[in-house]
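Reader: I would like a close look at one part of this chain, set against the rest of it. Please keep it brisk.

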Amino acid sequence: MPPFEQDTLMLPLTADTIRSSFINASRKEVSVAGLPDDLDTRDWDSLDYLGWHDPKFAGRAYAVLPAPDGAPAGVLLRQSNAAPQRRQICEWCRDPRLINEVVFFSARRVGESGRRGNTVGTLLCRNFQCSWVVRADSPAPYDGFDMDADRRRRIERLQQRVAGFADMLITGR
């Protein structure tokens, strides 16, 4: 089967673009953020967002999401120390076959609401593999099942959920 091609919302990012994109972090938090060192070799055509853990700060992670207006929206995330009591599903890729660990992340809201301490929480793949998960072939439920259409649908839904999360942080809705 040929590789699936589609227009992704994620454009290649540089360290400067990432640092200037943060919407819910202080200048200090942005200046000390550990960035991925493989930006030049990333396969941007198969990413719907960029997510990584900070190697310098345990429990801190980041994601750069395409916001609804198309601009990159950098988000500072905090990973919960508590493990879920039962198997959970990632809110972004929603893959029930997921063999990856899912953990709870919280993100401070943007603006005055965030300065007052308001946050939004969500369950995500621990290592931000959603783009890979939605592009992987799922088992065909019946003969003649259109795998390419299913893959496109899963990618679109992931992109909508990611943009919706960025929008929720920004607008408070």
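Author: Helices and strands here are DSSP runs, numbered from the N terminus; a helix needs at least four residues and a strand at least two. The model is predicted.

Start with Phe104. Phe104 sits in strand β4, which covers residues 102–108. Is Phe104 buried, partly exposed or exposed? Its relative accessible area is 37%, so Phe104 is partly exposed. The cut-offs explain the label: buried means under 20%, exposed means over 50%, and partly exposed lies in between.

Now its contacts. Set aside residues up to four places away in sequence. Phe104 then touches Arg78, Gln79 and Ser80. Phe104 also touches Gly121, Thr122 and Leu123. Two of the strands help to place these partners. Strand β3 spans residues 72–79. Strand β5 spans residues 119–125. One distance can be added: the C-alpha atoms of Phe104 and Gln88 are 9.6 Å apart, with their positions 16 residues apart in sequence.

Step back to the whole chain. There are five helices and five strands. Along the sequence, the order is α-α-β-β-β-β-α-β-α-α. The C-alpha atoms fill a box of roughly 55 × 40 × 30 Å along the principal axes. The radius of gyration is 16 Å. A compact globule of 173 residues would have a value near 16 Å, so the chain agrees with that rule. Buried residues make up 45% of the 173 residues. Take the contacts with a separation of 6 or more: 61% of them join residues 24 or more positions apart.

The surface comes next. The chain exposes about 9800 Å². Carbon and sulfur atoms supply 49% of that area. There are 24 positive and 23 negative side chains. The centres of these two sets lie 10 Å apart.

Back to the rings. How many aromatic pairs does the structure hold? It holds seven. One of them joins Tyr49 and Phe128. Their ring centres are 6.5 Å apart. Their planes meet at 80 degrees, so the pair is edge-to-face. The cut-off for that label is a plane angle over 60 degrees. This pair links distant parts of the chain, 79 residues apart. Tyr49 is in the loop between α2 (27–32) and β1 (50–53). Phe128 is in the loop between β5 (119–125) and α4 (130–135). Both rings belong to buried residues: Tyr49 has a relative accessible area of 2%, and Phe128 has 9%.

A further pair is Tyr142 with Phe145. The ring centres are 5.3 Å apart and the planes are at 85 degrees, so this pair is edge-to-face too. Phe145 has a relative accessible area of 19%. That value is under 20%, so Phe145 counts as buried.

There is also a cluster. Tyr49, Trp92, Phe105, Phe128 and Phe165 form one aromatic cluster. Phe128 deserves a second look for its backbone. Phe128 has a positive phi of about 55 degrees, although it is not a glycine.

Arg94 shows a similar backbone feature. Arg94 has a positive phi of about 50 degrees, and it is not a glycine either. Arg94 lies in the loop between β3 and β4. At 43% relative accessible area, Arg94 is partly exposed.

Cys93 is found in the loop between β3 and β4. Is Cys93 buried or exposed? Cys93 is buried, with a relative accessible area of 7%. Which residues does Cys93 contact, beyond its neighbours within four places in sequence? They are Cys125, Cys130, Val133, Val134, Leu158 and Arg161. Cys93 and Ile155 are 62 residues apart along the chain, and their C-alpha atoms are separated by 8.3 Å.

Finish in helix α5, residues 147–171, where Arg153 lies. Arg153 has 34% relative accessibility, so it counts as partly exposed. Arg153 and Met10 are 143 residues apart in sequence, and their C-alpha atoms are 17 Å apart in space.

Conventions: Residues numbered from 1 in each chain as written. Predicted model: local features only at pLDDT ≥ 70, side-chain atom pairs only at ≥ 80, totals over all residues. Heavy atoms only, no water. Buried < 20%, exposed > 50% of the residue type's maximum accessible area, 1.4 Å probe, protein only. Contact = heavy atoms within 4.5 Å. Rg over C-alpha atoms; globule rule 2.2 N^0.38 Å. Areas by Shrake-Rupley, 256 points an atom, 1.4 Å probe, with all protein chains shown as cover. Lys, Arg positive; Asp, Glu negative; His and termini not counted. Charge placed at Lys NZ, Arg CZ, Asp CG, Glu CD. Phe/Tyr/Trp six-rings, centres within 6.5 Å; stacked < 30°, edge-to-face > 60°.
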